[in-house]
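This briefing introduces a protein to a reader who has not met it before. Please look over the sequence and the model, and then read the points below.

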Amino acid sequence: MPEQTDDGFRLVIFPHEECLVADVAGEVDYRNADRFQERVGAAWRETGDDRVLVIVLRELTFADSSALVVLARLLDRRHDSGRRLILAALPAYLERMMVISGLYEAFEVAPSLEAAMEAVRAA
């Protein structure tokens, strides 16, 4: 279910091994943050099992505070459901934003999708 929009946002969600992967590219800001949250949340709900959600952010070129809000809400949902959430391939600027905001320590972070898969297999 790829979604490419005129506002520079692309989201592809697909199953991969024991995970549900959300690959995000382009820009996440106030114009599309709600759509990002809704699509990822709906896909995670639809899995109906204990799949780990891995959000790959390698190709994210811009994020504002709206993106941080979405990630925080997904983290809340993870806590409520007991499911596991991993952020993979954080761009340096987003990692800095998350550290400054205090969110970084709340997330499980992997340097790549492959590293996230290794962490899932090791659990």
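The expected span of a helix is 1.5 Å times one less than its number of residues. For helix α1, residues 33-47, this rule gives 21 Å for 15 residues, and the C-alpha atoms at its two ends lie 22 Å apart, so the two values agree. The model discussed here is a predicted one.

**Overall fold**

- The protein contains four helices and six strands.
- Along the sequence these elements follow the order β-β-β-α-β-α-β-α-β-α.
- The radius of gyration of the protein is 13 Å, which agrees with the value near 14 Å that a compact globule of 123 residues would have.
- Taken along the principal axes, the box filled by the C-alpha atoms is roughly 35 × 30 × 25 Å.

**Interior, contacts and surface**

- Of the 123 residues in the protein, 49% are buried.
- Among contacts with a separation of 6 or more, 69% join residues that are 24 or more positions apart.
- The protein exposes about 6,200 Å², and carbon and sulfur atoms supply 52% of this area.
- There are 14 positive and 22 negative charges in the protein, and the mean positions of the two groups are 2 Å apart.

**Helix α1 and Trp-44**

- The buried residues of α1 are Ala-33, Phe-36, Arg-39, Val-40, Gly-41, Ala-42, Ala-43 and Trp-44.
- In an α-helix there are 3.6 residues a turn, so residues three or four places apart point the same way.
- Trp-44 is part of helix α1, and its relative accessibility of 1% is under the 20% limit, so Trp-44 counts as buried.
- Which residues are in contact with Trp-44, leaving aside its neighbours within four places in sequence? They are Leu-20, Arg-51, Leu-53, Leu-74, Arg-77, Arg-78, Arg-83, Arg-84 and Leu-85.
- Trp-44 and Ala-22 are 22 residues apart along the chain, and 9.6 Å separates their C-alpha atoms.
- Gly-48, just after α1, has a positive phi of about 60 degrees.

**Two residues with positive phi that are not glycines**

- Glu-17 lies in the loop that runs between β2 (9-16) and β3 (19-28).
- The phi of Glu-17 is positive, near 55 degrees, although the residue is not a glycine.
- Is Glu-17 buried or partly exposed? Its relative accessibility is 41%, so Glu-17 counts as partly exposed.
- Ala-89 belongs to the loop between β5 (85-88) and α3 (92-101).
- Ala-89 is not a glycine either, and its phi is positive at about 60 degrees.
- With a relative accessibility of 13%, Ala-89 counts as buried because this value is under 20%.

**Ser-112 and its surroundings**

- Where is Ser-112 placed? Ser-112 sits in the loop between β6 (108-110) and α4 (113-122).
- Not counting residues up to four places away in sequence, Ser-112 touches Ala-88 and Ala-89.
- Ala-89, one of these two contacts of Ser-112, is the residue described above in the loop between β5 and α3.
- Ser-112 and Val-56 are separated by 56 residues in sequence, while the distance between their C-alpha atoms is 7.6 Å.

How values were computed: Residues are numbered from 1 along each chain as its sequence is written. This is a predicted model: local features need pLDDT of at least 70, side-chain atom pairs count only at pLDDT 80 or more; totals for chains, interfaces and linings use all residues. Side-chain values use heavy atoms; hydrogens and water are left out. The radius of gyration is taken over C-alpha atoms; the globule rule is 2.2 Å times the number of residues to the power 0.38. Buried means under 20% relative accessible area, exposed over 50%, partly exposed in between (1.4 Å probe, protein chains only). Contact means heavy atoms within 4.5 Å. Accessible areas come from the Shrake-Rupley method with a 1.4 Å probe; for residues, only the protein chains shown count as cover. Lys and Arg count as positive and Asp and Glu as negative; His and the chain ends are not counted. The place of a charge is taken as NZ of Lys, CZ of Arg, CG of Asp or CD of Glu.
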